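Colleague: Could you take me closely through one part of this model, the packing of one helix against another, and then through the core around that place?

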Amino acid sequence: MDLTLNDEQIAFQTATAEWCRDHMPLEQARNRPTDLWDQLEAMGLARITAPEANDGLALDHATEALVFAELGRFLAPIGLLSSAVANRWFDEPFDGKVALALPSDEPGPMRVLDPLGSAAVLMPQPGSIRVFDLPDSFTDQISGKRHVTEHRATIDPSTMQSRQDWTTTAVWAEDAAASLHLQLLTAAYAVGCADAARDMAAEYAKLRQQFDRPIGWFQSLKHICSGMAVRAAVARAELYYAACALDAGDAAAAFHIAAAKRLADQAALDNGRANIQVHGGIGMTDEATPHFCLKRAHLLQFIAPADAALLLA
């Protein structure tokens with residue numbers, strides 16, 4: 001298993017980061033361009049590991065994890081996670097965005113993340129994934145009345161949600177690797193979120209001054225920023241190893257992906273909190289950007305969470 005990045009991976013990673021800075025800055029997380037999804041599709045970011053027969057790039061999961069970590073740094077749409085998984089594991093390509101549903105028991109309503117502009121929704125199941133139709137309206141089974149689907153904000157200002165009753169299953173992929181793929185990409189988003197919080201705190205520590213010195217000069221702030229850097233580095237290392245394990249068909253891939261998700265979630269949460277602490281009073285306000293990272297970190301915890309029993313075993 002080669003853990004050294006090749007030139008193609010570095011180029012893809014760099015190009016993604018530069019594109020995100022220009023077209024999807026974190027500061028504009030509340031007001032994304034209306035054509036953002038079309039731009040993401042044009043970049044091929046929803047089809048990195050999809051087969052060439054489905055207009056995919058047919059690259060490995062290691063490359064995809066690196067790219068999605070950069071996307072996570074800029075709070076890319078949640079629908080990109082489910083779309084990438086759906087395009088990889090189903091023979092028929094999906095036209096447009098696929099929303100993501102949090103697991104629920106039938107016949108209770110599904111909580112659908114990033115439903116705007118989606119015609120289908122993917123729900124992870126233990127060892128498999130399911131894809132449902134996503135209608136714009138639904139019929140109340142008790143009253144018989146027709147209702148238009150209502151979209152509401154989540155804790156993450158960049159992500160909307162809706163409630164939907166279970167519908168007839170469109171397709172079902174009974175492959176354990178499919179659910180692992182979703183967990184891996186969600187971990188990559190969390191790693192990017194931890195990186196964003198780290199960088200935001202470090203930059204502010206250089207600019208903000210107290211007692212005629214940047215606050216980063218004080219040892220207590222240095223320790224906070226150093227801890228953020230260590231957490232992000234550890235999570236990224238495990239993420240890349242887990243992605244390589246999935247590519248190699250390693251028997252322990254499920255464990256490493258769960259470990260990557262656990263470390264990435266914790267790094268994103270802890271770094272998000274530390275970022276607000278470094279920013280002091282301004283960090284607690286809605287007009288500042290530090291809370292974006294922390295709120296996205298909280299949302300990612302609910303998507304493909306790590307199995308504690310697997311990790312403890």
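What follows is a close look at one helix pair and its surroundings.

Modeller: Please keep in mind that this is a predicted model. Helix α4, residues 79-89, and helix α5, residues 176-207, have axes that come within 10 Å and cross at roughly 150°. Because angles over 145 degrees count as roughly antiparallel, α4 is roughly antiparallel to α5, and the crossing of the two is right-handed. On the α4 side the contact is made by Leu80, Leu81, Ala84, Val85, Arg88 and Trp89, which meet Ala177, Ala178, His181, Leu182, Leu185, Thr186 and Tyr189 of α5. Sorted by character, the residues of this contact comprise 10 nonpolar, two polar and one charged.

Turning to the core, the largest nonpolar one has 87 residues, and those touching the most other members are Phe68, Leu71, Ile78, Leu80, Leu122 and Tyr189. Helix α5 supplies the largest share of this core, with 18 residues. Leaving aside residues up to four places away in sequence, Leu122 touches, among others, Ser82, Val85, Ala86 and Leu182. There is also a second, separate core of nine residues, with Val112, Met123, Phe132 and Leu134 among them.

Finally, Pro77 lies in the loop between α3 (61-73) and α4. Pro77 counts as buried because its relative accessible area is 15%, under the 20% cut-off. Beyond residues up to four places away in sequence, Pro77 touches Met24, Leu36, Leu40, Asp114 and Tyr189.

Key:
Residues numbered from 1 in each chain as written. Predicted model: local features only at pLDDT ≥ 70, side-chain atom pairs only at ≥ 80, totals over all residues. Heavy atoms only, no water. Axes fitted to C-alpha atoms, helices over the stretch in contact; angles between N-to-C directions. Helix = DSSP H or I, 4+ residues; strand = E, 2+ residues; numbered from the N terminus. Parallel < 35°, antiparallel > 145°, perpendicular 65-115°, else oblique. Left-handed = near helix turned anticlockwise from the far one by under 90°. Contact = heavy atoms within 4.5 Å. Nonpolar A, V, L, I, M, F, W, Y, C, P; charged D, E, K, R; others polar. Core = buried A, V, L, I, M, F, W, Y, C linked by side-chain atoms within 4.5 Å. Buried < 20%, exposed > 50% of the residue type's maximum accessible area, 1.4 Å probe, protein only.
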